[in-house]
Every structure is written in structure tokens, then in C-alpha cells.
Amino acid sequence: MNPLKNLSVIRKVVQLAALVLLVYGSSIGAYYLADKLSGALPALSCAYDLNGSDLCTLIPFQHQMDHRLGEVIASGGNILMGLMPTLITLGTFVLLFVVLNKAFCGWICPLGTFQEFLHLIGQKLGLQRHESLNANMVEKMRPIKWAILALLVFGFPLMAGIGWVNHDLGDPFCKICPSRILTTLANGETNQLYVDTASTTTLVISLIADFMFGLMIALALTVRQPFCRICPMLALHAVFRKLGLLRLVKNATPRCDRCGLCAKACPMDIKEIHTEMVKRDVTFEDCTLCGRCVEFCRDKDVLQLKYATFPVFSADSKYFKVRKKAQTLWEKNTLKRLIKGEPEKKVKAT
Amino acid sequence: MGNHVRALLFTCTMLSGLPAPVLHAQQAPGHQPEAPMANQHRRGEKKPMIANAEGASVTLWAPDLSTQPARIEQGEISLPKTGVDNYHAMVIEQDWGRYKEALVQYIYRRGKPSKESPMRLVNAEKTTFEVVPAPLPRGHYHYYTQQEWGFKLRFQNKPLANLPVVLETENGSRIESQANAQGEVTFLLPDDFPGIVEGERDRRNADFTVTAEHVDNGITYRSALNAEYRINQSHWQSLDMGIAVAGLGLLVGGFIGRAKSNKGGK
């Protein structure tokens, strides 16, 4: 298959470019490229990666809960004034969100890219599973991202600001975020991979962070996007998904009942893409708008990625055949097979 | 926030006319120790103070390179408001005729987004002879002990090579070095805070200065960069344990992945 016509290949090129920009931005442009970006867009900056221009709105949310809203509530001040910075951050986030919608997760996020590439390595090592997680497990995991958003991004920081919990819980999500460790390690800095003995809280949080970082790496080799499934950014995106211009649209046909390839292709295991037969907008809360379901839909225009009203990528039977063949070839030819001395597999044209 | 406002005392011998400046910092008179919870919301700007200020001029550079003079009243420097956030530069200059001295300190101020990169401010010629941070720590980054940080010497906005440079800390350390051909010099910030207890968080900070002297056309220029440094977190954060715990996560993840692969996958 011509790589230039393969949406997954195009997406990986975009993901790699975004990763380089966001993790090593200042090394490419200028030292303060990151600062320039964050100076213009105060809601979007990762303060832990000195060389990067990582985009994460969760840091300011936590700081604003802790240092602004919590402080205002504790001192009996004007709550609207305390909320103002958060509203500005949210406004900036929504402005960008309208442009990309949840495609930030599937096309831009460095942590998502890292997990995808780990999974590719897992496939080549022959560790790949045909299906990722079963429906029950997926269903049980879905509320976790909402709990993390509510408690770790807003709840504990707010309580720390008010004074109900200790200040080590002022930015608890950042303290456990694998991206903090990943982006700093990617820059050759080990200062974020630590066990912190300063207090019981920091000890517990740092143990969780390090353990989860290792766990994520190992799981990503066999399970698609393990951390994305519990990422509060996914939940935050889900809140505003009706505002975004890029959407996944389905024109269901009776044939959909008997297929289900779209759900199997989905890296987030969203079975509803297959089962939904009424709604046209199928940008579900876990969707990252990667477009993989569209690629693996065999019926013309049944699934589409649409920007506003314009289709940008539509399901097509010819594309499906070529893409499926390329995928089968990719999955069959593993290093394990090569090491065993088995001949390279070829897929017959259908 | 009045009780939370801290002050620095710049006892600059340059301002008292002595040839060798020794900069150190101390709390302003009347400073009260802060309760742990009260400390967590401290956002007040540190108020610089200056001794023997006669004849000294203080200029505040905003991120957009606009400048405003600052007032000195009874040794306390009142920096004018600029209304914008980001790094500002406070430049103290003293002209003794054939002996000119300058001290630069970068100060982060809150306000509306300045929409300017600090690089612009750092690169701007703020005084004839200047010690420039390369880079300026930003965001969650600060000068920490046991870390190497770079500085550049710049005279009339051009690099100045091979000059001796001295780093002195408030805790009494003194390190001498020499700038390279590009005017760059690197210092390992000394781990010189007294009474550090391993395993316990220590949020103390102190000031350091990087000073150099240059003679041009019979005029002696002495310049210093003043900044705050903190205790390295490695005293209570263990990388080795971090690696071990991440390794444990890897093992558990590998075990789970292997079990799932055997159960349901190819």
C-alpha cells in the first residue's frame, strides 16, 4: 500500500512531528519556543519539560484550584473572581479544542504517540493481541478517567487551597502523570523519576507515579493505549466534544450489524461505533478521532471523519481491501517469526 | 499578604565604593517566620533593598524592553508596576567615573500575559558590561545546588572571552573560573546550605552572584548577576528508588500482558 495514502502512516508522521515539537521544541526553534507558546497561550504549557512546548491544560487547572479558588473560598472572598483564571484557561482550551476536537489525543499527544509506538514494537516482537480488552473491562475502566479529572485535577487541589488537605496534594495529577516522567527522560533528565520521602503523601504519590510509569510501558506492548483509557484529558475533551469541528460520523446500514471491524480496529475498544445504529455523530467519549475505524470500514461512506460539514476521510471498499492486506502483512511478519527462520508471509490479493 | 512579603538586602560594596563587591541576602527587618499553611499561598513579590544607595540608579526592564526608573527610599527599592507578567530585569548601576558597576537581577512578576519571550529581555543590552544567564531558568525550574548552569559575558552586546569570573554564594562559597572563547562560563552550584538532613524536605533558599570585571579604554567595568538558588531535591528524592519502583511496574505490566496474551490473543 502506498504509505502516502495510508491514513495510519500519515497520522504517525503527524504524531512524530508533534512529539518532536512538543518534547524538544526549544531545541529546534529557540530555547524559549516553549515559553513563547505558553506566553501567548497561558493555559497550555508543561512546566516540567525545560526543552519542550508540551500542551497540557491540566497544570494551570490544578494551580488555579489550589492557589486561587481555594484561597478565595478560604478567605471568604468573591468566588467569581477566584474562578476567573480557571474560566480563562478553560476558554483558551475550548478555543483550541474547537479546531481539533478530540484529535488532540489521537494525533498530537506525545504520551499517546509513545504508547502507540510501544504497541508497534510489541506487535513486531510478536506480543500483539488480536483484540485489546474485553467489553466488560472497557466498561469498568471508563469511569476512572472522570474520577481522576474530578479528584486529582480539581478536587484535591481545591481542598489543598482551602486548607482541608496538605499542600502536597496541590497538583496530584501532575505528580502521577507518566508524561511528566516521559518528557523529562526524553530530554535526558532523570529529575522527575524519583521516590520522594519528604512526607507520607509525597512518598505514596511518587510510588504510584513510578509504578504506573513502568506498568504503562509494559502494558503498552500488549494492550493498546493503556494510559489513554484513564487519562483525565480524555474526560475533559469528552465534556466539550459537541463543540469541536472535527467529528466521526456514521451513516449506519443493515450490513453494520454483521460486521464490527470498526470496533475491532478501534485502539480504545469502543464497541458502540459498531452497535450504534441511530446517532450520526459517533464521536464517543473515549474516541480519539484517530480514524482507524474509518479505515477498516468496508462500506463506502458508512463512517466518515468530517470537518464541520466537509468529509475529510471516508470509508471506502477499495481502500479497506488494500489497508486490510497491509495490516495483515504487518502483523504476520514479526521478529519472532524472523528469528525462528520462518519465511516472510505474503498476503494474497483479494 | 503584608506578613508574607520578604525582602532582600543587597549590601553591595560597589555602592559603598569598595572595589570588591560581596553580595548577600537577608530577611527584611520585622520579618516573621511563616506558618506552613500560610506559606502555601505566598505570592507576594520580594522587595529588594539596597545599602549605601547614594548615586545609584535602578531601572526596571519590562518583557517588551520598555524601561522605568525605580525609586529608592530608605534603602528599599520600589519597583514600578508594569501590569504584565513574565520576567523583568532590575538593573542597578553606579557610575564612579572611571569605575562603573552594574548588578542585574531577573524578577518574575504577575499580571496580564506579556506575550513576550524572556529571551528577548535576556538578549537585550541592559548595561554596557553584563553577566547574562544562559539559560534563564523558567517555569518550574530554578537554580538548584549540585546543578551546572551557564552564564555569558557580554560587553557592548558582544561576547567577551577569557575573563576570570567568580561565583559567590550567601552561604559563603566562592568558586573562580574563566570564560571560554565565546564568553561562556559554567558553574556547578555548590551544595553549601548548612544543616541539611537527608530524607527531609528543605525549602530554604539563598542568593548567589556571578561577577566579572573588564577594563576598556582605561575604564573598569564590574558587573554582577544576582539570583536565588535552592537546595537540590535529591536530598529527599531518590532516583535509584524511582528506577526500582518503575522497574517493578514494568515487571507487573509484563506479567499482566503475558497472562492476557496467553489467554486471549495471538
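Look at the contacts inside chain A of this predicted model. Among those between residues at least 6 apart in sequence, 70% join residues at least 24 apart. So what is the chain built from? Its secondary structure comes to 16 helices and four strands. Of the 350 residues in chain A, 56% count as buried. As for the outside, chain A exposes about 15200 Å², and carbon and sulfur atoms supply 68% of that area.

Let's start on the inside, with helix H11 of chain A. How many of the eight residues of H11(A) are buried? Seven are, so this helix is largely enclosed by the rest of the structure. You can pick the buried ones out by name: A:Pro232, A:Met233, A:Leu234, A:Ala235, A:Leu236, A:His237 and A:Ala238. And what do they pack against? Their partners in chain A are helix H3 (58-75), helix H4 (79-100), helix H5 (103-108), H7 and helix H8 (172-176).

Now step back along the chain to helix H10, where you'll find A:Ala209. This alanine counts as buried because its relative accessibility is 0%, and the cut-off for buried is under 20%. Which residues does A:Ala209 touch, once you leave aside its neighbours within four places in sequence? The answer is A:Lys175, A:Ile176, A:Arg180 and A:Ile181. For a sense of distance, try A:Ser8: its C-alpha atom is separated by 31 Å from that of A:Ala209, and the two residues are 201 apart along the chain.

Between helix H10 (200-220) and helix H11 (232-239) runs a loop, and A:Gln225 lies in it. Being in a loop doesn't put this residue on the outside here: A:Gln225 counts as buried, at 7% relative accessibility. Its backbone is worth a look too. Most residues other than glycine have a negative phi. A:Gln225 has a positive one, near 45°.

Chain B offers a second case of this kind. Phi of B:Asn86 is near 85°, again a positive value in a residue other than glycine. B:Asn86 is found in strand S7 of chain B, which covers residues 86-95. Is B:Asn86 buried or exposed? It's buried, with a relative accessible area of 6%.

While you're in chain B, check the peptide bonds. Most peptide bonds are trans. The one joining B:Ala134 and B:Pro135 is cis, with omega about 5°. You can find B:Pro135 in the loop between strand S9 (129-133) and strand S10 (143-144).

Finally, back to chain A and its surface. A nonpolar patch is formed there by A:Ile121, A:Leu125, A:Leu127, A:Leu335, A:Leu338 and A:Ile339, with about 570 Å² of accessible area together. Where does the largest share of this patch come from? Helix H16 (residues 335-339) supplies it, with three residues. A:Leu125, another member of the patch, sits in the loop between helix H6 (110-124) and helix H7 (135-162). This leucine is partly exposed, with a relative accessible area of 39%.

The surface also has a positive patch, made by A:Lys264, A:Arg298, A:Lys324 and A:Lys332. Take A:Lys324 as one of its members. This lysine is found in helix H15, residues 317-332. At 33% relative accessibility, A:Lys324 counts as partly exposed, because that value falls between the cut-offs for buried (under 20%) and exposed (over 50%).

Note on methods. Residues numbered from 1 in each chain as written. Chains lettered and ligands numbered in written order. Predicted model: local features only at pLDDT ≥ 70, side-chain atom pairs only at ≥ 80, totals over all residues. Heavy atoms only, no water. Patch = residues over 30% accessible without salt bridge, like charges linked within 9 Å, V, L, I, M, F, W, Y side chains within 5 Å. Areas by Shrake-Rupley, 256 points an atom, 1.4 Å probe, with all protein chains shown as cover. Salt bridge = Lys/Arg side-chain N within 4 Å of Asp/Glu carboxyl O. Lys, Arg positive; Asp, Glu negative; His and termini not counted. Charge placed at Lys NZ, Arg CZ, Asp CG, Glu CD. Helix = DSSP H or I, 4+ residues; strand = E, 2+ residues; numbered from the N terminus. Buried < 20%, exposed > 50% of the residue type's maximum accessible area, 1.4 Å probe, protein only. Contact = heavy atoms within 4.5 Å.
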